[in-house]
Structure formats: C-alpha cells, structure tokens
Amino acid sequence: HKHYSIIILHLGCLISLYIVKCLTMMEKETIRQPSLPDSQGLFEDSFFEFLPYSDLSRWVPEQSTYEEAQRSTKALLRLGNIKALSFLSFIGPRAPKDNFYIEHHHTRFDHSLVVALTTEQILRQNGASLDQINIGIVAGLFHDIATPALGDATKQLDPKNLNEEDFWWETLDKRGKDFVGKFTDKETLDRIIKNQGPLGEVLDIADRITYVMKDLYNVVGPIKPEELKSSPLLASINDILSFYPKIGNIYKDVGVDQKKNKVFFNDPNMLYAFLLLRATLHKEFYLHPINQGRDLFIAKLLEPLYSKDDASKLTPSLLRQMNDYDLLKIMCRKYCPDMLAESAFFSLTNWLPLFEKLDTQEEAIARAKQLQQNANVTVVGVKKCRGFDSGISYNVVGKNGKIISFSEFDPYRAKRLQELGDSTKGFFVFYADVSKDSPTNMLLKRVLGQKTN
C-alpha cells in the first residue's frame with residue numbers, strides 16, 4: 001500500500017500513542033470495543049474501506065468486531081464473491097447497441113462492510129452506547145448475508161423464499177450464531193435488519209447511502225464534459241455533484257433523538273439532493289427496462305434448475321450457500337458446456353433486450369402474443385416493473401425545530417421525487433430479434449422454446 005512509507009516514518013510515535021490509548025481504554029471500559037481506531041492505529045490495520053464522495057475512509061483493524069465477524073462467519077466471506085450489481089449495466093450516453101459493458105467488481109461484502117462503518121459513524125455522532133454501536137455494526141455486516149448467488153436476478157425466481165432479510169439467521173452456522181449472541185439475541189437483530197425501530201432506521205439510511213455512493217463510484221466514475229448532454233443520468237449527477245461534491249457526507253447529517261426514538265436529517269436541502277441522486281439512479285440504471293429485461297432472462301434460465309423443496313435441484317438454502325461463479329458454472333453445464341463462467345457473465349451482461357411499455361397487463365400479454373407470431377422474434381416475457389420508495393417519508397428538522405416528514409416540509413420537491421418513482425412503473429414486454437445467429441440468440445431460442453431456423 002502507498003500508506004506504508006508514511007507509516008514506517010511515524011511508527012515509533014504511533015506505537016507509543018497506541019499503547020497509551022489501549023491502556024487508557026482498558027482502565028475505563030471492560031466491554032468490547034466495536035469501532036475503528038483513530039488514525040494512530042494504522043499499523044495494526046488489516047484492510048482499507050471508504051464511502052465514495054465523503055470523508056469516511058478507514059482502516060479496519062484486527063481485534064475488532066469487524067475482524068471477529070469475518071473469522072466467525074463463513075457466510076459473510078461468501079459475499080466477497082457475490083457482485084453488488086450482478087448483471088446490471090450502465091446505459092450510457094451512446095446508443096445501447098454501441099456501448100461496451102464490463103462487469104462491476106464491487107461486491108456484497110464490500111457493500112456490507114461500508115454499511116456497518118456508516119452505521120457506526122451515525123450512532124457514534126449521536127452518542128449511542130457501545131452496546132448499541134456493536135449491534136449496529138453486526139446488523140450492517142449481516143443485513144445482506146442471505147443474498148442468493150447472482151443477487152437480484154436470482155431473487156426473481158421466488159421473491160418470498162429468496163428474500164435475504166427473512167433468512168439471514170438460517171444462513172449462519174453455530175459459530176456465527178454464537179457470535180451474534182455475544183451482542184444481542186436473534187429477535188432483536190432480526191427487527192433491526194428489517195429496518196424496525198431507531199436502530200433499524202439508521203441501518204436503512206446507512207444502507208441507502210452506501211449503495212448509492214458505491215454504485216455511482218463504480219458505474220459512472222469520472223464524468224467527461226462531452227458526455228453530459230446526451231445522458232440523463234450523467235447530466236443529473238453532474239448537477240448534483242457540482243453543489244454537493246461530497247454528497248456522501250450526508251451520513252454526518254443524520255440525527256437520532258434517543259428520548260423520542262426519532263431519526264431525522266438536519267439539512268432538508270442536502271437530503272433532497274441525495275434523494276434526487278438516488279431517484280435518478282433508480283430510473284436510469286437499476287430499473288432501466290434494458291436491465292430489467294436482462295434480469296428476467298436470467299430468471300428464465302434458472303427456472304428449470306430451481307425448486308423450492310426438491311433437493312435434487314437448486315433450492316433456496318443451496319443458493320444462499322453458493323457464490324456467483326458456482327451458479328454460473330451450473331448454468332454453463334446446462335446450456336453451453338464449452339463456455340467458461342466468466343465468458344457467460346460477459347455475454348449476458350452485454351445482451352440488450354428490446355422492450356415495449358404498456359399501460360395494463362392485458363395489453364402487455366396481447367402484445368407478447370402478437371410478437372410471437374414473428375419467426376424472427378423471441379419473447380422473453382411480460383413483467384410488471386415496480387416503482388421505488390422515493391424516501392420522502394424521511395424526517396427532517398423544520399424551520400421551527402420540529403421534526404416532520406420531508407413530504408410535509410417541502411411538498412413541491414417531494415412531489416417531484418414521487419413522480420420519478422412512479423415513472424418507472426408499468427407493464428413491459430421484453431423480446432429479442434433472433435434473425436441473426438449468435439451464441440446469445442441460440443440460447444434464447446433454445447431456452448424459450450423458439451425453434452431454430
């Protein structure tokens with residue numbers, strides 16, 4: 001690491017400071033220390049993490065709750081091989097067919113670690129007890145632990161039985177459950193992971209801040225001025241970052257009234273900027289029809305391999321134990337034995353479905369039947385695309401110091417956010433032109449029942 005030269009120069013001083021600090025902490029407190037040390041502890045750190053567009057960049061040390069969670073919980077380490085964005089691709093400023101997509105490398109483990117760090121920071125700045133901080137860290141680390149291999153695409157197979165929030169406990173072995181027991185009980189942590197109570201609200205906020213900042217950083221990267229005009233996503237991002245270049249610091253703005261059990265944001269304007277950025281990501285990226293259609297195709301590929309309770313197939317329990325490459329290898333053996341898992345991932349991520357949006361499910365089904373009459377078209381399916389929670393119910397501090405919802409504080413801007421959320425709703429028909437031979441088209445026709453010419 002580039003930090004090593006600095007660390008070596010100051011090592012003697014740092015060691016002295018660290019020893020004095022540790023002795024002082026041992027005298028004052030006998031309970032577990034959950035947090036990261038100050039910068040004086042760098043020489044003892046195991047790896048580095050950061051929240052993009054913010055001041056939060058920390059070394060995660062040994063002998064901490066974070067490090068103990070990794071040693072105690074194999075299921076947590078599995079998340080290092082579960083991609084955060086799975087098959088999603090950024091629909092950039094050029095025409096989709098002219099884009100070239102590569103996979104995004106940040107993982108669910110990376111995400112979970114930063115959620116825990118952000119949760120800790122929010123709790124610390126609000127004077128939470130060390131017990132609460134510990135529980136918040138564990139909740140942040142474990143909130144995605146039951147995510148199935150290939151993430152959201154796989155969850156479409158069976159949303160009820162593949163929901164990570166409902167099965168996190170079942171994912172843990174005895175050692176992992178014993179680790180949780182050092183801090184809290186199953187029921188308490190379950191409520192927090194499901195975003196209930198003040199700690200659950202803090203976790204929800206930390207989760208949203210983290211995925212928005214991490215995804216933006218990994219997907220968009222540096223914005224080129226010539227690209228801004230032709231991409232709604234890039235233009236909106238540039239507008240927001242020009243006013244809030246460190247929008248990730250919104251975690252510093254989160255307040256917790258422990259007497260009233262209320263969580264709120266102190267700066268409504270900064271909250272609006274964050275929610276607008278998040279809404280834009282949903283509209284132009286997460287819920288973009290091309291990405292939704294690709295996820296639907298992945299689910300279609302997995303359907304013949306999946307069963308809720310047949311142990312000879314991929315069950316929910318097994319999918320929660322596998323990583324992305326385990327599942328990709330199984331898919332390759334089923335459909336394309338000569339293809340490597342990495343190649344399959346690349347090919348699928350670069351496949352762009354065609355789509356049409358209709359007002360009702362009946363219209364969408366009728367249109368799908370009409371498209372099926374064309375021998376050069378393969379219909380992937382009909383899907384109802386959801387909107388998303390715009391976040392306008394978050395609390396803010398009003399002009400008179402009263403804590404009220406953002407929608408009450410600023411109805412006009414709340415309406416704009418809600419309209420962005422509603423704009424992603426609809427019934428979509430996804431299909432492909434298979435008139436030209438290609439590996440993906442052959443796969444489409446084979447899986448979806450269209451006879452090859």
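# A first look at this predicted model

Helix α3, which spans residues 65-72, is mostly covered, with seven of its eight residues buried. Welcome to a predicted model whose protein chain has 453 residues, 53% of them counted as buried. Its secondary structure comes to 21 helices and nine strands. Here is a short tour by topic.

**Confidence and overall layout**

- The protein chain has a mean pLDDT of 85, and 84% of its residues reach 70 or more.
- Please read residues 1-45 with that in mind: the pLDDT there is below 50, and this stretch has 54 contacts in the model beyond near neighbours in sequence.
- Among contacts in the protein chain with a separation of 6 or more, 73% are between residues 24 or more positions apart.

**Back to helix α3**

- The buried residues of α3 include Tyr 66 and Ala 69.
- Thr 65, Glu 67, Glu 68, Gln 70 and Ser 72 are also among the buried residues of this helix.

**The nonpolar cores**

- The largest nonpolar core has 116 residues, and the members that touch the most others are Leu 141, Phe 142, Leu 189 and Leu 327.
- Helix α13 (residues 268-286) provides the largest share of this core, with twelve residues.
- To see one of those members in its setting, find Leu 189: leaving aside neighbours within four places in sequence, Leu 189 is in contact with Ile 135, Val 138, Ala 139, Phe 142, Trp 168, Val 180 and Thr 184.
- Phe 142 therefore appears twice in this picture, as a core member that touches many others and as a contact of Leu 189.
- A second core, separate from the other, has nine residues, including Leu 358, Ala 368, Phe 427 and Tyr 431.

**The largest pocket**

- The largest pocket holds about 1,200 Å³ of space.
- It is lined by 39 residues, of which Arg 108, Asp 152, Lys 155, Glu 164 and Arg 386 are the closest to its centre.
- Two or more lining residues come from each of α5 (108-125), α7 (151-155), α8 (164-171), α11 (197-219), α13, α14 (289-302) and β6 (377-385).
- Helix α11 gives the most to this lining, with six residues.
- By residue type, the lining divides into 18 charged, eleven polar and ten nonpolar residues.
- Helix α13 is worth a second glance, as this helix contributes to the largest core and also to the lining of the largest pocket.

Note on methods: Residues numbered from 1 in each chain as written. Predicted model: local features only at pLDDT ≥ 70, side-chain atom pairs only at ≥ 80, totals over all residues. Heavy atoms only, no water. Core = buried A, V, L, I, M, F, W, Y, C linked by side-chain atoms within 4.5 Å. Buried < 20%, exposed > 50% of the residue type's maximum accessible area, 1.4 Å probe, protein only. Helix = DSSP H or I, 4+ residues; strand = E, 2+ residues; numbered from the N terminus. Contact = heavy atoms within 4.5 Å. 1 Å grid on protein atoms, 1.4 Å probe; cavity = no way out; pocket = protein on both sides within 12 Å on 5 of 7 lines; lining within 4 Å. Points joined across faces, edges and corners; volume = space filled by probe spheres on them. Nonpolar A, V, L, I, M, F, W, Y, C, P; charged D, E, K, R; others polar. pLDDT = per-residue confidence, 0-100.
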